[in-house]
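User: I would like to go through this structure by question and answer. Please keep the answers short and show the reasoning.

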Amino acid sequence: QEDLEALIAEFQSLDAKKTQVIESSCPPPSPRLNGSLSAHPEKDELILFGGEYFNGQKTYLYNELYVYNIRKNSWSKVEIPNPPPRRCAHQAAVVPTAGGQLWVFGGEFASPNGEQFYHYKDLWVLHLATKTWEQIKASGGPSGRSGHRMVACKRQLIVFGGFHESARDYIYYNDVYAFNLDCFTWSKLVPSGIGPAPRSGCQMATTPEGSIIIYGGYSKQRIKKDVDKGTLHTDMFLLKTEGARKEEDKWAWSRLNPSGVKPTPRSGFSVAIGPNNRSLLFGGVHDEEEEESIEGDFFNDIYFYDMGKNRWFPGQLKGPKSEKRKRRRGRQAEAEGAEDEDMEKQHPQGPVEIVKEVVAEDGTVMTIKQVISGPAEEEERSESEEEEDGALSQQVEPCPRSNAMLAVKHGILYVYGGMFEVGDRQFTLSDLYSIDLHKMEEWKVLVEMDPKAQEWLEESESDEEEDDTEGAEGGEEEEESSEEESEDEGGEEQHPSVQPDEKHEDYLSRTEQYWIKLARSNMGPDAKEKKVVKVAHAMAKTFYGDSV
């Protein structure tokens, strides 16, 4: 812990040397997850802060601030003196005060080897109009944590849950704190009623009436020595104020039993508030056992929760208006009510509940309840419609992922980065997608993921002995140089294109060999063939989307 605090202090001393605001145009940010993406309250901009990146050997933490200009589809990096220390798994909330403020609380810093963690309990505000960071020192706030959730509610920031982990133990929280944005004071709320069990990574949303909704999340508890039991929560709660907007409002928990089709159990999902009084959930991962290892089933679906009707429903793509044929999607459910038919093109199904207990190599026991939808009915299609389903006309969509960053501006959802896993390998993403939540017609690719930019280093004893401080400090530069090297190495061979009179099977075979060769160049000559092929297919799926 002392080593981490010294490392953080060293980084802060480097940041303190910056004395002026420098804003410069730049390429899209490097791959990362568990950062925060926030919509500017007054401008057509998205603000990206923090996050983490793991390349197989080292963990890199960021405190960079990037701004995405929606109209220009361009990125800029904003260097501001005395920013918060590097972190991930924090929370950020935007309020419109004084030209806009971005409030940041908590999160974690990890040692370069990823074995030690420092959990922050600091509160910062970025004044967007003046481009200045300010640390707010107020006593009585939440303890250090990450994986918590924070939302702006009236003139308060409400913080719920999260966890704290040390080398010896861990603890999950279900406490609630409020920070008053007028007098800058913390208070711990003591709601009546039975609230959620301790958890992290849940969905937290504010209703127009000023109530708080909590859904899902993850927690684990020790059931005996060296054996932990993990839980994917699927319950839902309402935290409602009973006061008359006085300083000391009384709050109460109550359980919600929503109708409709709830999301399948998952962790690592991302959340945002959409138009029409709806919160939304995107992606995530559901871990399951496969060949004596834990394999993650990653998602790229959207679920909406209608706060007024207390009802869940999956978001279904309708396809561009020019297409007569509507795109078929899996996991469809029976539409309830004509008012949502524009967003829910669903078929009857017979859900089946599967209960599993999965034991990880480290002794963790996962108890998972998953509801599997019945098969969706297929629409009859003519030969011409079948032809439209070729690779070129296939609709694009973000590849399945967890821990992505979401923001909504003018009713458009933006999805940036995140990660997915194949075997022991983690793919960290840097792509950017958008979709109009009013129309739900199609995803748009704003920044493509470059498969050649994927870096993965196998563990080795010599690497572990390297100086940790140097590795963490040089994170961004080292990562960028390695990306450039991989691009140079793979630059000679281009993605295959269809040759005249070439059979479709032959083209597919050549394309597959291209991805296998690319995967092998990344993984090294000693990688097993079966693993190389699996990684190659994952890279192809990331590049093409589900059309692969």
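The turns below deal with aromatic rings, strands, cores and backbone angles in a predicted model.

User: What is the geometry of the pair formed by the rings of Tyr118 and Tyr120?

Analyst: The structure holds 26 aromatic pairs. In this one the ring centres are 5.3 Å apart and the planes stand at 75°. An angle over 60 degrees counts as edge-to-face. The pair of Tyr118 and Tyr120 is therefore edge-to-face.

User: Is Tyr120 buried or exposed?

Analyst: Buried means under 20% relative accessible area. Tyr120 has 4% relative accessibility, so the residue counts as buried.

User: Which residue lies over the face of Tyr120?

Analyst: The face of Tyr120 has an arginine over it, at 3.9 Å from the ring centre. A similar arrangement is found at Tyr173, where Arg145 lies at 4.1 Å from the ring centre. For Tyr120 the residue is Arg87.

User: What are the relative accessible areas of Tyr170 and Tyr172?

Analyst: Tyr170 and Tyr172 form an edge-to-face aromatic pair, with 6.1 Å from centre to centre and 80° between the planes. Both values fall under 20%, so Tyr170 is buried and Tyr172 is buried. The value for Tyr170 is 13%, and for Tyr172 it is 13%.

User: In what order do the four strands of the open sheet stand, and which stand at the edges?

Analyst: The pairing in this sheet is antiparallel, and the twist averages 25° from one strand to the next. Strands at the edges have a single partner strand each, so one side of each is left without a neighbour in the sheet. The order is E6-E7-E10-E11, and the edge strands are E6 (91-95) and E11 (132-136).

User: Which residue in E10 is the bridge partner of Trp103?

Analyst: Strand E7 (residues 101-105) pairs with strand E10 (residues 123-127) in the antiparallel sense over five bridges. Trp103 also belongs to one aromatic cluster with Phe105, Tyr177, Phe179, Phe184 and Trp186. Its bridge partner in E10 is Val125.

User: How many residues lie between E29 and E30 in their hairpin?

Analyst: Strand E29 (residues 425-436) and strand E30 (residues 443-447) are antiparallel and share four bridges. One of the bridge pairs joins Ile435 to Trp443 in E30. The turn includes Met440, with a positive phi of about 50°. The number of residues between the two strands is six.

User: Which element gives the largest share of the largest nonpolar core?

Analyst: This core has 21 residues, and those that touch the most other members include Phe420, Val422, Phe427 and Trp515. Two or more residues come from each of strand E28 (412-422), E29, helix H6 (504-523) and helix H7 (529-544). The largest share is six residues, and the element is H7.

User: Where does this core lie with respect to domain 1 and domain 2?

Analyst: Domain 1 (1-318 + 399-450) and domain 2 (504-547) both give residues to the core. Apart from it lies another core, of 16 residues, including Phe304, Ala404, Leu406 and Met440. Because both domains contribute to the largest core, its place is between them.

User: What is the phi of Ala89, and is the residue buried or exposed?

Analyst: Ala89 is found in the loop between strand E5 (74-79) and E6. Its phi is positive, in a residue other than glycine. With a relative accessible area of 18%, under the 20% limit, Ala89 is buried. The phi is near 55°.

Definitions and conventions
Residues are numbered from 1 along each chain as its sequence is written. This is a predicted model: local features need pLDDT of at least 70, side-chain atom pairs count only at pLDDT 80 or more; totals for chains, interfaces and linings use all residues. Side-chain values use heavy atoms; hydrogens and water are left out. Rings of Phe, Tyr and Trp (its six-membered ring) pair if their centres lie within 6.5 Å; planes under 30 degrees apart count as stacked, over 60 as edge-to-face and the rest as tilted. Buried means under 20% relative accessible area, exposed over 50%, partly exposed in between (1.4 Å probe, protein chains only). A charge sits over a ring if NZ of Lys or CZ of Arg is within 6 Å of the ring centre and within 35 degrees of the ring normal. Two strands pair if DSSP finds at least two bridges between them. Axes are lines fitted to C-alpha atoms, for helices over the stretch in contact, and angles run from 0 to 180 degrees between N-to-C directions. A nonpolar core is a set of buried Ala, Val, Leu, Ile, Met, Phe, Trp, Tyr and Cys residues joined through side-chain atoms within 4.5 Å. Domain bounds come from an automatic or database domain assignment.
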